[in-house]
Amino acid sequence: MSDPMNVLAPEHRRLRIGDAWRDAAGGATFAVEDPATGRTIAEVADAGVVDGLAALDAASKAMAEWAATPPRKRSELLTATYRALTERSEEVARLITLEMGKPLAEARGEVAYGAEFFRWFAEEAVRVEGRYNTAPAGGYRILTVPRPVGPCVFVTPWNFPLAMGARKIAPALAAGCTTITKPAAQTPLTMLFLARIMEEAGVPPGVVNVVTTTRAGEVVSALLADRRTRKLSFTGSTEVGRVLLRQAADNVLRTSMELGGNAALIVCADADLDVALDGAMVAKMRNLGESCIAANRIYVEEPVREEFTARFAKRMGALSVGHGLDDGVDVGALIDEASVTKIDELVADAVDRGARVLVGGERPDGSGHFYPPTVLVDVPDDARMLEAEIFGPVAPIISFTSDDEVIAKANDTEHGLAGYVFTRDLQRALRFAERLETGMLGINRGLISDPSAPFGGVKQSGIGKEGSHEGILEYLDVTYAAIDLP
């Protein structure tokens, strides 16, 4: 196979700050590994606080000019980024697979998905509107003017190293904000490549800055403590999100938080089982299950439990496991050893409490961070995997006998990001939609992410929305002027 690292030259494995690619202060670096082999594939700059603040200097200096850039010009630069990503999709996809582990087909899907955010927000950039109207009591006029919030700090996860950055950077730039992105230490290469693409597309220096680091706590804390930072957007665990929200409170920052999930997938007895099976496979196994909206708990109504379980287990057992760059691989490597250990412990806990493994359930020997597609049944309510975010290819199946029962179980969690319901009864589907405590719901559909739809959760799964028209509003303040006009 060709080496995907050939697309990212050594000079682009450094920090992107202002108009330069530069080493971290002191020259520190850290290794990035291929999770399928454990082999080091690159060394990248390991930023410290001084580097993070240098990036904020650059973003702050570029802010006024970028905010004053005509919306059409910002739109054209986002469109150029979309086209460049589309044209170079194979290069980007191979890089994603190499550093993150997902199969190449999944990585290609991520590139297409991530690129769409640039196209969508290129269109939104020219549609930011205020209003002018007569005050209800008369005597004066109300004028509202949207303005970019200011320099933004983004902390992005490893599971979608392109798409999660695109989902934040695109609306910020469309609104007129400058950005500093701190990608996950496991997958920094894709974000560096995106910064290079945006540089080549003509995005001005200082508008898109990328700081790679293994000292995320120090660097991000320093950025949030600086009064020049005006917005924080984070995608990751609820635990880390709580810490960042506390830090953001000191300077009363605008925040967008897309946090942990514990999605319930509900299969009703009246569902089309072919549709339900297809949807469950997508909802569970997209991105190897390493997704915040992955089906974490699968509830099947008792009359169809046996048939659904048998067919689902057969399909899970037929998936091939291997290096994501190899032909015919369905399930690649998990991100790191800690992820494999966590999943192995969750499965062991469920089995100890009475669950039965139908497929998988044992990590393979050899190198790489692999875990097989796994299906468990008879999973008791006190099993840890029903409360923890599994983040892997493991599917616990639980039976239910009434809508009230399954809704109560589905809602019995601090999370509320996504859910899925399969039924041919429209009224039943609408009742689920009104009663399930989730920010997003797939009805007879396992794939719900779409740049044109608002992505976000309720309860402890987050604050704010990404994508759709709502996404750009997260990066705009509104100034109101009262104009005397008798």
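Helix α2 (residues 71-87) has its buried residues covered by, among others, α1, α3, α4, α5 and α6. Those buried residues are R74, S75, L77, L78, T81, Y82, A84 and L85, where buried means under 20% relative accessible area with a 1.4 Å probe on protein chains only. An α-helix has 3.6 residues a turn, so residues three or four places apart point the same way. Here are the helices that help to cover α2:

| Helix | Residues |
|---|---|
| α1 | 49-68 |
| α3 | 89-100 |
| α4 | 104-125 |
| α5 | 163-175 |
| α6 | 189-201 |

Helices (H or I, at least four residues) and strands (E, at least two) are DSSP runs, numbered from the N terminus. This is a predicted model, in which local features need pLDDT of at least 70 and side-chain atom pairs pLDDT 80 or more, while totals for chains, interfaces and linings use all residues. Residues are numbered from 1 along each chain as its sequence is written, and side-chain values use heavy atoms, leaving out hydrogens and water.

How far apart are the end C-alpha atoms of α2? They lie 24 Å apart, which agrees with the 24 Å expected for 17 residues at 1.5 Å a residue, the span being 1.5 Å times one less than the number of residues.

Now to a sheet: β5, β6 and β20 form an open, antiparallel one in that order, where pairing takes at least two DSSP bridges between two strands. Its edge strands are β5 (131-134) and β20 (476-484), each pairing on one side only. Strand β6 (residues 140-148) is joined to β20 by nine bridges, and P148 has L476 in β20 as its bridge partner.

Notes. Buried means under 20% relative accessible area, exposed over 50%, partly exposed in between (1.4 Å probe, protein chains only). Contact means heavy atoms within 4.5 Å.
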